[in-house]
Amino acid sequence: MSEQDNDQKNQRRDFLKGSVAMGGFAMSGSAAFLSQTAMAQDEVLVPFTDMPPDFKGPPKQAGGVFFQNTQLIEDFYSRNEDQFYVVQHYGQPELNANRHRVRVTGMVDNPLNLSMADIRRRPKVEIVAGFECGGNQQGIYHGLVGNALWGGCRLRDLLQDAGIQYGGSEVVFYGADRGTETIRDTEVEQSFGRGLNFNEAIQDDIILAYEMNGEPLPGAHGFPIRLLVPGWYGVTNVKWLEQIHVQDRRFSGRFQARDYVTLSRRDVGGVERWEERLVTKIRLKSAITRVTRTGNTHNIMGFALNDGTPLRAVEVKIDNGPWQPAEIQPGATRYSWKLFKFAWENAAPGEHEIVSRVIDVNGQIQATPEELPEKISRWENPGQFTRTLTIS
Ligand SMILES: Nc1nc2c(c(=O)[nH]1)N[C@H]1C(S)=C(S)[C@@H](COP(=O)(O)O)O[C@H]1N2
Ligand SMILES: [Mo]
(Lines give C-alpha, C1' and ligand atoms only; values in the text may rest on other atoms or scores of the structure.)
(Ligands and ions follow the chains in the order given, each with its own letter.)
Protein backbone atom coordinates (compact mmCIF):
# COMPACT_ATOMS: atom_id res chain seq x y z
CA MET A 1 0.00 0.00 0.00
CA SER A 2 1.37 3.43 -0.95
CA GLU A 3 1.92 6.23 1.54
CA GLN A 4 -0.92 8.16 0.01
CA ASP A 5 -3.22 5.20 0.41
CA ASN A 6 -2.23 4.96 4.03
CA ASP A 7 -2.94 8.64 4.55
CA GLN A 8 -6.35 8.27 3.02
CA LYS A 9 -7.03 5.27 5.14
CA ASN A 10 -6.07 7.12 8.30
CA GLN A 11 -8.16 10.12 7.36
CA ARG A 12 -11.19 7.99 6.83
CA ARG A 13 -10.65 6.09 10.03
CA ASP A 14 -10.07 9.22 12.11
CA PHE A 15 -13.16 10.64 10.63
CA LEU A 16 -15.24 7.64 11.48
CA LYS A 17 -13.73 7.08 14.87
CA GLY A 18 -14.73 10.38 16.40
CA SER A 19 -12.25 13.09 15.52
CA VAL A 20 -14.87 15.21 13.77
CA ALA A 21 -17.26 17.32 15.81
CA MET A 22 -20.92 16.55 15.44
CA GLY A 23 -23.28 19.15 14.06
CA GLY A 24 -26.45 20.36 15.74
CA PHE A 25 -29.88 18.95 15.16
CA ALA A 26 -33.04 20.63 13.99
CA MET A 27 -35.78 20.35 16.57
CA SER A 28 -39.52 20.16 16.35
CA GLY A 29 -41.90 22.79 14.98
CA SER A 30 -43.69 25.17 17.33
CA ALA A 31 -47.14 24.64 18.79
CA ALA A 32 -48.32 28.06 17.61
CA PHE A 33 -47.80 26.81 14.10
CA LEU A 34 -50.50 24.19 14.51
CA SER A 35 -53.23 26.60 15.48
CA GLN A 36 -52.42 28.86 12.56
CA THR A 37 -53.14 26.24 9.94
CA ALA A 38 -56.15 24.53 11.54
CA MET A 39 -59.49 25.67 10.16
CA ALA A 40 -61.36 28.30 12.20
CA GLN A 41 -65.05 27.90 12.99
CA ASP A 42 -66.27 30.45 10.46
CA GLU A 43 -63.97 29.09 7.74
CA VAL A 44 -65.60 27.15 4.87
CA LEU A 45 -63.85 24.81 2.47
CA VAL A 46 -64.03 25.99 -1.15
CA PRO A 47 -64.04 22.98 -3.47
CA PHE A 48 -61.51 22.68 -6.31
CA THR A 49 -63.03 22.02 -9.72
CA ASP A 50 -59.99 19.91 -10.65
CA MET A 51 -60.82 17.45 -7.85
CA PRO A 52 -63.96 15.30 -7.45
CA PRO A 53 -66.00 16.72 -4.54
CA ASP A 54 -66.15 13.30 -2.89
CA PHE A 55 -62.44 12.61 -3.42
CA LYS A 56 -61.18 10.05 -0.95
CA GLY A 57 -58.01 8.05 -0.84
CA PRO A 58 -57.81 4.34 -0.08
CA PRO A 59 -58.18 3.33 3.58
CA LYS A 60 -54.95 2.91 5.52
CA GLN A 61 -54.61 -0.85 5.90
CA ALA A 62 -51.74 -3.26 6.45
CA GLY A 63 -49.81 -4.05 3.29
CA GLY A 64 -51.59 -1.48 1.12
CA VAL A 65 -50.59 1.82 -0.43
CA PHE A 66 -52.12 4.83 1.26
CA PHE A 67 -52.10 8.50 0.30
CA GLN A 68 -53.59 11.36 2.20
CA ASN A 69 -56.28 13.71 0.98
CA THR A 70 -54.08 16.79 0.83
CA GLN A 71 -57.12 19.06 0.99
CA LEU A 72 -57.45 18.03 4.63
CA ILE A 73 -53.89 18.98 5.61
CA GLU A 74 -54.16 21.27 8.62
CA ASP A 75 -51.40 20.15 10.89
CA PHE A 76 -47.67 20.52 10.75
CA TYR A 77 -47.36 16.87 11.80
CA SER A 78 -49.13 14.21 9.76
CA ARG A 79 -50.96 11.81 12.05
CA ASN A 80 -49.52 8.30 12.16
CA GLU A 81 -52.92 6.56 11.98
CA ASP A 82 -54.67 8.25 9.10
CA GLN A 83 -52.53 10.92 7.43
CA PHE A 84 -48.91 9.96 6.74
CA TYR A 85 -48.77 8.11 3.41
CA VAL A 86 -47.66 4.49 3.03
CA VAL A 87 -45.82 2.75 0.22
CA GLN A 88 -44.46 -0.78 0.47
CA HIS A 89 -43.45 -2.98 -2.39
CA TYR A 90 -43.35 -6.40 -0.75
CA GLY A 91 -46.22 -6.03 1.72
CA GLN A 92 -45.88 -5.41 5.43
CA PRO A 93 -43.86 -7.85 7.54
CA GLU A 94 -44.88 -8.26 11.17
CA LEU A 95 -41.77 -8.09 13.30
CA ASN A 96 -41.24 -8.82 16.97
CA ALA A 97 -39.32 -5.96 18.61
CA ASN A 98 -38.06 -8.24 21.40
CA ARG A 99 -36.37 -10.54 18.93
CA HIS A 100 -35.45 -8.01 16.26
CA ARG A 101 -31.76 -7.45 15.51
CA VAL A 102 -29.98 -4.93 13.33
CA ARG A 103 -26.68 -6.28 12.06
CA VAL A 104 -23.82 -4.21 10.68
CA THR A 105 -21.75 -6.42 8.42
CA GLY A 106 -19.23 -6.37 5.58
CA MET A 107 -16.18 -4.13 5.44
CA VAL A 108 -16.16 -3.08 9.09
CA ASP A 109 -13.63 -3.67 11.86
CA ASN A 110 -16.29 -4.52 14.43
CA PRO A 111 -19.41 -6.17 13.04
CA LEU A 112 -22.43 -5.28 15.17
CA ASN A 113 -25.50 -7.28 16.10
CA LEU A 114 -27.85 -4.99 17.99
CA SER A 115 -31.12 -5.61 19.78
CA MET A 116 -33.70 -2.83 19.98
CA ALA A 117 -32.65 -2.36 23.62
CA ASP A 118 -29.05 -1.81 22.46
CA ILE A 119 -30.27 0.75 19.96
CA ARG A 120 -32.46 2.56 22.49
CA ARG A 121 -29.52 2.83 24.88
CA ARG A 122 -27.69 4.98 22.35
CA PRO A 123 -28.13 8.79 22.50
CA LYS A 124 -31.54 9.64 21.14
CA VAL A 125 -31.88 12.33 18.53
CA GLU A 126 -35.05 13.82 17.13
CA ILE A 127 -35.57 15.43 13.78
CA VAL A 128 -38.57 16.71 11.88
CA ALA A 129 -38.60 15.47 8.32
CA GLY A 130 -41.22 15.61 5.62
CA PHE A 131 -40.90 13.47 2.52
CA GLU A 132 -42.83 12.16 -0.41
CA CYS A 133 -42.71 9.10 -2.62
CA GLY A 134 -40.72 9.70 -5.80
CA GLY A 135 -43.91 8.60 -7.54
CA ASN A 136 -46.03 11.32 -5.94
CA GLN A 137 -48.09 13.11 -8.57
CA GLN A 138 -50.88 15.51 -9.42
CA GLY A 139 -53.40 12.77 -10.24
CA ILE A 140 -53.66 12.06 -6.50
CA TYR A 141 -53.17 15.72 -5.58
CA HIS A 142 -49.71 14.95 -4.24
CA GLY A 143 -51.08 12.77 -1.43
CA LEU A 144 -48.03 10.46 -1.16
CA VAL A 145 -46.55 12.86 1.36
CA GLY A 146 -46.20 13.38 5.10
CA ASN A 147 -44.30 15.29 7.76
CA ALA A 148 -43.37 13.87 11.15
CA LEU A 149 -41.10 14.12 14.15
CA TRP A 150 -38.78 11.14 14.08
CA GLY A 151 -36.76 9.80 17.01
CA GLY A 152 -33.89 7.37 16.87
CA CYS A 153 -30.13 6.97 16.95
CA ARG A 154 -27.61 8.52 14.65
CA LEU A 155 -26.44 6.29 11.80
CA ARG A 156 -23.06 7.94 11.71
CA ASP A 157 -22.32 6.97 15.31
CA LEU A 158 -23.14 3.35 14.55
CA LEU A 159 -20.88 3.38 11.52
CA GLN A 160 -18.20 4.92 13.65
CA ASP A 161 -18.51 2.14 16.23
CA ALA A 162 -18.36 -0.44 13.48
CA GLY A 163 -15.35 1.28 11.91
CA ILE A 164 -15.63 1.29 8.15
CA GLN A 165 -12.59 -0.28 6.53
CA TYR A 166 -10.49 1.22 3.81
CA GLY A 167 -12.30 0.83 0.49
CA GLY A 168 -15.73 0.54 2.11
CA SER A 169 -17.50 2.95 -0.21
CA GLU A 170 -21.12 1.86 -0.08
CA VAL A 171 -23.48 1.33 2.83
CA VAL A 172 -26.43 -0.91 1.94
CA PHE A 173 -29.63 -1.05 3.99
CA TYR A 174 -31.88 -4.12 3.87
CA GLY A 175 -35.44 -4.41 5.08
CA ALA A 176 -36.96 -7.62 6.43
CA ASP A 177 -39.57 -7.65 3.66
CA ARG A 178 -38.94 -9.97 0.76
CA GLY A 179 -40.39 -10.66 -2.64
CA THR A 180 -39.66 -12.79 -5.68
CA GLU A 181 -38.12 -11.04 -8.66
CA THR A 182 -37.40 -12.42 -12.08
CA ILE A 183 -33.95 -11.33 -13.13
CA ARG A 184 -32.85 -12.52 -16.57
CA ASP A 185 -35.33 -15.41 -16.48
CA THR A 186 -34.23 -16.53 -13.04
CA GLU A 187 -36.58 -16.21 -10.10
CA VAL A 188 -34.77 -15.03 -7.01
CA GLU A 189 -35.86 -13.91 -3.58
CA GLN A 190 -34.94 -10.29 -2.93
CA SER A 191 -35.07 -8.06 0.12
CA PHE A 192 -36.02 -4.44 -0.23
CA GLY A 193 -32.65 -2.66 -0.26
CA ARG A 194 -31.10 0.73 -0.89
CA GLY A 195 -27.50 1.93 -0.91
CA LEU A 196 -25.92 5.21 0.10
CA ASN A 197 -22.36 5.99 -0.81
CA PHE A 198 -19.87 6.68 1.98
CA ASN A 199 -20.20 10.47 1.82
CA GLU A 200 -23.96 10.32 1.77
CA ALA A 201 -24.14 7.81 4.62
CA ILE A 202 -22.03 9.81 7.11
CA GLN A 203 -24.22 12.94 7.00
CA ASP A 204 -25.01 13.55 10.63
CA ASP A 205 -28.74 14.13 10.26
CA ILE A 206 -29.43 10.56 9.14
CA ILE A 207 -31.03 8.41 11.84
CA LEU A 208 -32.31 4.92 12.45
CA ALA A 209 -35.78 5.86 13.62
CA TYR A 210 -37.82 3.84 16.11
CA GLU A 211 -40.27 6.64 16.98
CA MET A 212 -42.69 8.63 14.85
CA ASN A 213 -44.47 11.63 16.37
CA GLY A 214 -43.55 10.43 19.85
CA GLU A 215 -44.98 6.92 19.41
CA PRO A 216 -43.27 3.64 18.57
CA LEU A 217 -42.90 3.42 14.79
CA PRO A 218 -46.18 1.97 13.43
CA GLY A 219 -46.06 -1.34 11.52
CA ALA A 220 -46.83 0.36 8.20
CA HIS A 221 -43.93 2.77 8.69
CA GLY A 222 -41.29 0.15 9.45
CA PHE A 223 -41.73 -1.14 13.01
CA PRO A 224 -39.55 -1.54 14.92
CA ILE A 225 -36.90 0.50 13.06
CA ARG A 226 -36.27 2.26 9.77
CA LEU A 227 -33.68 4.38 8.05
CA LEU A 228 -34.49 8.08 7.75
CA VAL A 229 -32.49 10.20 5.32
CA PRO A 230 -33.87 13.74 5.64
CA GLY A 231 -34.23 15.61 2.35
CA TRP A 232 -34.43 12.47 0.22
CA TYR A 233 -37.37 10.88 -1.50
CA GLY A 234 -39.16 8.23 0.57
CA VAL A 235 -37.70 5.24 -1.24
CA THR A 236 -34.37 5.63 0.57
CA ASN A 237 -35.98 5.37 4.00
CA VAL A 238 -35.73 1.59 4.29
CA LYS A 239 -38.39 0.24 6.65
CA TRP A 240 -38.17 -2.87 8.85
CA LEU A 241 -34.40 -2.42 8.80
CA GLU A 242 -32.49 -5.61 9.65
CA GLN A 243 -29.06 -5.27 8.07
CA ILE A 244 -26.54 -2.58 7.19
CA HIS A 245 -23.81 -3.91 4.94
CA VAL A 246 -20.63 -2.06 3.97
CA GLN A 247 -19.12 -2.98 0.62
CA ASP A 248 -16.72 -1.66 -2.01
CA ARG A 249 -19.13 -1.22 -4.93
CA ARG A 250 -22.43 0.40 -5.74
CA PHE A 251 -25.55 -1.42 -4.72
CA SER A 252 -27.83 -1.86 -7.71
CA GLY A 253 -30.91 -3.73 -6.55
CA ARG A 254 -34.28 -3.23 -8.16
CA PHE A 255 -35.46 -0.24 -6.13
CA GLN A 256 -32.09 1.46 -6.47
CA ALA A 257 -31.10 0.99 -10.08
CA ARG A 258 -34.14 -0.13 -12.08
CA ASP A 259 -37.30 1.15 -10.39
CA TYR A 260 -37.08 4.69 -9.09
CA VAL A 261 -34.92 5.76 -11.99
CA THR A 262 -35.96 8.95 -13.77
CA LEU A 263 -35.55 9.20 -17.50
CA SER A 264 -35.56 12.66 -19.06
CA ARG A 265 -34.06 14.53 -21.97
CA ARG A 266 -31.51 17.02 -20.76
CA ASP A 267 -29.03 19.49 -22.06
CA VAL A 268 -25.67 18.06 -21.04
CA GLY A 269 -23.15 20.79 -21.82
CA GLY A 270 -24.83 21.65 -25.10
CA VAL A 271 -25.52 18.06 -26.10
CA GLU A 272 -29.06 16.72 -25.92
CA ARG A 273 -28.93 13.44 -24.07
CA TRP A 274 -31.41 11.02 -22.60
CA GLU A 275 -30.37 10.71 -19.02
CA GLU A 276 -31.31 8.08 -16.45
CA ARG A 277 -30.93 9.30 -12.92
CA LEU A 278 -31.52 7.66 -9.56
CA VAL A 279 -34.31 9.10 -7.45
CA THR A 280 -32.37 10.55 -4.53
CA LYS A 281 -32.81 14.09 -3.14
CA ILE A 282 -36.24 15.67 -3.14
CA ARG A 283 -36.58 18.20 -5.93
CA LEU A 284 -37.82 21.69 -5.19
CA LYS A 285 -41.60 21.68 -5.24
CA SER A 286 -44.75 23.25 -3.86
CA ALA A 287 -48.42 22.49 -4.25
CA ILE A 288 -51.61 24.30 -3.33
CA THR A 289 -53.73 21.86 -1.37
CA ARG A 290 -56.65 23.81 0.08
CA VAL A 291 -58.72 26.96 -0.29
CA THR A 292 -61.10 28.16 2.42
CA ARG A 293 -63.21 31.27 2.74
CA THR A 294 -63.68 33.54 5.74
CA GLY A 295 -65.78 36.58 4.88
CA ASN A 296 -64.20 38.26 1.86
CA THR A 297 -60.91 36.43 2.23
CA HIS A 298 -59.98 33.25 0.42
CA ASN A 299 -57.21 31.49 2.28
CA ILE A 300 -54.94 29.57 -0.04
CA MET A 301 -52.82 26.93 1.65
CA GLY A 302 -50.25 24.41 0.51
CA PHE A 303 -46.91 22.80 1.22
CA ALA A 304 -43.39 23.15 -0.10
CA LEU A 305 -40.79 20.43 0.07
CA ASN A 306 -37.18 20.06 -1.01
CA ASP A 307 -33.83 18.58 -0.05
CA GLY A 308 -33.24 20.95 2.87
CA THR A 309 -31.74 23.84 0.90
CA PRO A 310 -33.15 26.96 2.63
CA LEU A 311 -36.02 28.61 0.82
CA ARG A 312 -36.17 32.21 -0.30
CA ALA A 313 -39.91 32.41 -0.99
CA VAL A 314 -43.12 30.69 -1.89
CA GLU A 315 -45.24 32.65 -4.33
CA VAL A 316 -48.83 32.39 -5.52
CA LYS A 317 -50.27 33.48 -8.85
CA ILE A 318 -53.97 34.04 -9.46
CA ASP A 319 -55.10 33.76 -13.08
CA ASN A 320 -52.73 35.90 -15.15
CA GLY A 321 -51.79 38.14 -12.24
CA PRO A 322 -48.32 38.74 -10.80
CA TRP A 323 -46.48 36.30 -8.53
CA GLN A 324 -47.20 37.38 -4.96
CA PRO A 325 -45.36 36.26 -1.83
CA ALA A 326 -47.08 33.70 0.40
CA GLU A 327 -46.40 33.44 4.11
CA ILE A 328 -44.29 30.45 5.09
CA GLN A 329 -45.52 29.24 8.46
CA PRO A 330 -43.04 29.91 11.24
CA GLY A 331 -41.70 26.91 13.11
CA ALA A 332 -40.76 24.99 9.99
CA THR A 333 -37.33 23.38 10.20
CA ARG A 334 -34.69 22.54 7.65
CA TYR A 335 -36.12 19.21 6.53
CA SER A 336 -39.75 19.66 7.50
CA TRP A 337 -42.31 20.49 4.89
CA LYS A 338 -43.12 24.18 4.77
CA LEU A 339 -46.82 24.91 4.96
CA PHE A 340 -47.67 28.23 3.37
CA LYS A 341 -50.66 30.58 3.34
CA PHE A 342 -51.81 33.34 1.06
CA ALA A 343 -54.76 35.65 1.72
CA TRP A 344 -56.68 36.33 -1.49
CA GLU A 345 -58.88 39.34 -0.84
CA ASN A 346 -62.14 40.12 -2.64
CA ALA A 347 -61.90 37.38 -5.23
CA ALA A 348 -64.17 38.08 -8.19
CA PRO A 349 -66.99 35.59 -8.79
CA GLY A 350 -66.29 33.12 -11.58
CA GLU A 351 -63.71 30.55 -12.63
CA HIS A 352 -60.14 30.95 -11.45
CA GLU A 353 -56.76 29.31 -11.83
CA ILE A 354 -54.31 29.42 -8.95
CA VAL A 355 -50.77 28.12 -8.81
CA SER A 356 -47.78 28.28 -6.49
CA ARG A 357 -44.03 28.16 -6.98
CA VAL A 358 -41.14 27.94 -4.56
CA ILE A 359 -37.72 29.57 -4.88
CA ASP A 360 -34.66 28.50 -2.91
CA VAL A 361 -31.72 30.59 -1.70
CA ASN A 362 -29.71 29.58 -4.75
CA GLY A 363 -32.33 31.27 -6.92
CA GLN A 364 -33.61 27.97 -8.24
CA ILE A 365 -37.29 28.33 -9.18
CA GLN A 366 -39.89 25.56 -9.30
CA ALA A 367 -40.55 25.11 -13.02
CA THR A 368 -43.82 24.80 -14.89
CA PRO A 369 -44.46 21.31 -16.27
CA GLU A 370 -43.72 22.73 -19.75
CA GLU A 371 -40.32 24.02 -18.64
CA LEU A 372 -39.25 20.67 -17.27
CA PRO A 373 -37.03 18.60 -19.51
CA GLU A 374 -39.04 16.07 -21.43
CA LYS A 375 -40.00 13.42 -18.97
CA ILE A 376 -40.73 9.81 -19.78
CA SER A 377 -40.82 8.06 -16.43
CA ARG A 378 -43.39 8.76 -13.77
CA TRP A 379 -40.81 9.47 -11.08
CA GLU A 380 -40.31 12.95 -9.65
CA ASN A 381 -43.07 15.42 -10.40
CA PRO A 382 -41.89 18.81 -9.19
CA GLY A 383 -43.73 20.85 -11.83
CA GLN A 384 -45.98 23.75 -10.81
CA PHE A 385 -49.45 22.45 -9.99
CA THR A 386 -52.31 24.61 -11.30
CA ARG A 387 -55.58 24.31 -9.38
CA THR A 388 -58.99 25.50 -10.56
CA LEU A 389 -61.96 26.70 -8.56
CA THR A 390 -65.18 28.65 -8.92
CA ILE A 391 -65.92 31.64 -6.70
CA SER A 392 -69.65 32.11 -6.27
N1 LIG B 1 -38.38 -2.23 3.59
C2 LIG B 1 -38.99 -1.35 2.78
N3 LIG B 1 -38.74 -0.04 2.95
C4 LIG B 1 -39.35 0.87 2.16
C5 LIG B 1 -40.22 0.47 1.12
C6 LIG B 1 -40.46 -0.92 0.96
O7 LIG B 1 -41.22 -1.35 0.08
N8 LIG B 1 -39.83 -1.80 1.81
N9 LIG B 1 -40.78 1.42 0.32
C10 LIG B 1 -40.06 2.68 0.20
C11 LIG B 1 -40.80 3.70 -0.50
S12 LIG B 1 -40.87 3.54 -2.18
C13 LIG B 1 -41.32 4.79 0.13
S14 LIG B 1 -42.01 6.03 -0.75
C15 LIG B 1 -41.26 4.92 1.60
C16 LIG B 1 -42.61 5.17 2.20
O17 LIG B 1 -42.51 5.33 3.58
P18 LIG B 1 -43.82 5.39 4.45
O19 LIG B 1 -44.67 4.22 4.06
O20 LIG B 1 -43.41 5.37 5.88
O21 LIG B 1 -44.49 6.68 4.09
O22 LIG B 1 -40.72 3.77 2.22
C23 LIG B 1 -39.61 3.21 1.55
N24 LIG B 1 -39.06 2.17 2.37
MO1 LIG C 1 -41.84 5.43 -3.05
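This short report walks through the surroundings of ligand 1 and some salt bridges in a predicted model.

## Around ligand 1

A good place to start is the ligand. In this model, 21 residues surround ligand 1, and the closest are Y85, H89, D177, H221 and K239. Sorted by class, that shell is made up of 12 nonpolar, 6 polar and 3 charged residues. The space that ligand 1 takes up is the largest cavity.

## Contacts with its oxygen atoms

Three of these neighbours are worth a look up close. The side chain of K239 has an N or O atom 2.5 Å from an oxygen atom of ligand 1. For H221, an N or O atom of the side chain is 2.7 Å from an oxygen atom of the ligand. Y85 takes part through its backbone instead: one of its backbone N or O atoms lies 2.6 Å from an oxygen atom of ligand 1.

How much of ligand 1 does the protein cover? On its own, ligand 1 has 540 Å² of accessible area, and the protein covers 100% of that.

## Salt bridges

Now let us turn to charged pairs. Side chains of opposite charge can pair when their charged atoms come close. The count here comes to 21 salt bridges.

One of them joins the side chains of E170 and R250, at 2.8 Å from N to O. Another links E126 with K124, where the closest N and O atoms are 4.0 Å apart. Are these two partners buried or exposed? E126 is partly exposed, with a relative accessible area of 27%, and K124 also counts as partly exposed, at 41% relative accessibility.

Technical notes:
Residues are numbered from 1 along each chain as its sequence is written. Chains are lettered from A and ligands numbered from 1 in the order in which they are written. This is a predicted model: local features need pLDDT of at least 70, side-chain atom pairs count only at pLDDT 80 or more; totals for chains, interfaces and linings use all residues. Side-chain values use heavy atoms; hydrogens and water are left out. A residue is near a molecule or strand if one of its heavy atoms lies within 4 Å of it. A polar contact is a pair of N or O atoms within 3.5 Å; within protein, one must be able to donate a hydrogen and the other to accept it, and residues adjacent in sequence count only if both atoms are side-chain atoms. Accessible areas come from the Shrake-Rupley method with a 1.4 Å probe; for residues, only the protein chains shown count as cover. On a 1 Å grid over the protein atoms alone, a cavity is a set of points where a 1.4 Å probe fits but cannot get out, and a pocket is an open set with protein on both sides within 12 Å along at least five of seven lines; lining residues have an atom within 4 Å of a point. A molecule sits in a cavity or pocket if more than half of its atoms lie within 2 Å of its grid points. Ala, Val, Leu, Ile, Met, Phe, Trp, Tyr, Cys and Pro count as nonpolar, Asp, Glu, Lys and Arg as charged, and the others, Gly among them, as polar. Buried means under 20% relative accessible area, exposed over 50%, partly exposed in between (1.4 Å probe, protein chains only).
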